[in-house]
Each structure stands twice: as C-alpha cells, then as structure tokens.
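User: I am new to this structure and would like a close look at a single part of it. Please take one helix and go through its charged pairs, its packing and its surroundings with care.

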Amino acid sequence: VWGHEDVELSLKLWLFGYSLYTVPTVKILHHFRDKHPYPVKLDHVHYNLLRMAYSHFNEERIGKVLDLIGPGRRSKIINGRVLKSGAMEQRRRYFARRKYDDDWFMKKFGIAF
C-alpha cells in the first residue's frame with residue numbers, strides 16, 4: 001500500500017546494472033494533506049520494507065530488517081504475508097537477472113548494513 005517504493009526502485013536499477021542519475025534542477029512537488037485519502041498503517045511500511053529485503057538482500061541483511069521491525073506477533077504476521085505473496089519466487093528471478101549483489105551495492109555507497 002505505502003512505503004519504500006522509491007528506495008526499492010533505485011536499489012533494483014543499480015543491482016540490475018543500470019545507472020541512476022539525478023537532475024538537481026528538477027523540482028519535485030508533493031501534495032501534503034492533513035489526512036491520507038486511504039488508510040496508511042505502519043504494517044504497510046514494514047511489509048514493503050521486508051518485501052524489498054527478501055527481493056534484494058542476502059539472508060543476514062533480511063535478518064537485520066526483521067530486527068528493525070521488531071520481535072513479536074506483528075512482525076511474524078507481516079513476515080508470513082510477505083512470504084505468502086510470492087516474495088521468494090521474485091527473489092529467485094531477481095537474483096538470476098541482477099548484475100551485482102547487495103554486498104556490491106552497500107560497498108559502492110558506503111552503507112554499513
């Protein structure tokens with residue numbers, strides 16, 4: 001529903017061997033509202049973060065994302081939903097097609113994760 005789509009798109013482009021450029025002169029506008037026109041829950045954000053991790057990260061990093069989400073019943077439910085949604089099949093497809101792995105990405109951008 002919501003969260004991390006911009007991060008996932010950038011990560012996917014780099015790992016698949018594409019370059020990503022920014023154009024500093026481009027102005028991005030956001031329409032901020034007092035209330036979302038649809039429900040946004042932290043579970044949605046966590047779901048997308050975990051799905052991105054399963055799609056692109058090694059198992060150690062997936063574990064770190066699970067730690068970020070936190071222990072307890074909610075994280076287990078979210079993890080179950082991600083796995084039921086076909087994340088592992090997507091992972092297999094992505095890993096077969098990508099040019100670089102997540103270690104390369106983290107080193108390239110100096111991310112200690």
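What follows is a walk along helix α3 and the parts that meet it.

Analyst: The model is a predicted one, and every value below should be read with that in mind. Helix α3 covers residues 59–69, and E60 is found in it.

A good place to begin is with the charged side chains. Side chains of opposite charge can pair when their charged atoms come close. The structure holds six salt bridges, and one of them joins K64 to E60, with 3.9 Å between the closest N and O atoms. Both K64 and E60 lie in helix α3, where they are four residues apart, which is about one turn of the helix. E60 is exposed because its relative accessible area is 56%, a value over the 50% that marks an exposed residue. K64, with a relative accessible area of 34%, is partly exposed. As a guide to distances around this residue, E60 and V45 are 15 residues apart in sequence, while their C-alpha atoms are 20 Å apart in space.

A second salt bridge leads out of the helix, since R61 pairs with D103 at a distance of 2.9 Å between the closest N and O atoms. R61 lies in helix α3 and D103 in helix α6, which spans residues 102–108, so this pair ties together parts that are 42 residues apart in sequence. How buried or exposed are the two partners, R61 and D103? R61 has a relative accessible area of 8% and is therefore buried, because buried means under 20%, whereas D103, at 42%, is partly exposed.

The R61 and D103 pair does not stand alone, for R61, R98, D102 and D103 are linked in a network of salt bridges. Within this network, the side chains of D102 and R98 meet in a salt bridge of 3.8 Å, taken from N to O. D102 counts as buried, its relative accessibility being 2%, and R98 counts as buried as well, at 15%.

The next step is the packing of the helix. Two packed helices are described by the angle between their axes and the distance between the axes. For α2 and α3, the axes come within 9 Å and cross at roughly 170°. That crossing makes α2 roughly antiparallel to α3, because angles over 145 degrees count as roughly antiparallel. On the α2 side of the contact stand H46, L49, L50, A53 and Y54, and these meet I62, V65, L66 and I69 on the α3 side.

One of the α2 residues in this contact, H46, can be followed a little further. H46 counts as buried because its relative accessibility is 15%. Leaving aside residues up to four places away in sequence, H46 touches I69 and I78, and I69 is one of the α3 residues in the contact between the two helices.

Finally, for the surroundings, one can look ahead of α2 in the sequence. The loop between α1 (5–15) and α2 (42–56) is the place of I28. I28 counts as exposed, since its relative accessibility is 60%. Together with V23 and V26, I28 makes a nonpolar surface patch of about 290 Å².

To draw this together, helix α3 holds the K64 and E60 pair within itself, reaches helix α6 through R61 and D103, and meets α2 through I62, V65, L66 and I69.

Conventions
Residues are numbered from 1 along each chain as its sequence is written. This is a predicted model: local features need pLDDT of at least 70, side-chain atom pairs count only at pLDDT 80 or more; totals for chains, interfaces and linings use all residues. Side-chain values use heavy atoms; hydrogens and water are left out. Patches are made of residues with over 30% relative accessible area and no salt bridge: like charges are joined within 9 Å, nonpolar side chains (Val, Leu, Ile, Met, Phe, Trp, Tyr) within 5 Å. Accessible areas come from the Shrake-Rupley method with a 1.4 Å probe; for residues, only the protein chains shown count as cover. A salt bridge is a side-chain nitrogen of Lys or Arg within 4 Å of a carboxyl oxygen of Asp or Glu. Buried means under 20% relative accessible area, exposed over 50%, partly exposed in between (1.4 Å probe, protein chains only). Axes are lines fitted to C-alpha atoms, for helices over the stretch in contact, and angles run from 0 to 180 degrees between N-to-C directions. Angles under 35 degrees count as roughly parallel, over 145 as roughly antiparallel, 65 to 115 as roughly perpendicular and the rest as oblique. Contact means heavy atoms within 4.5 Å.
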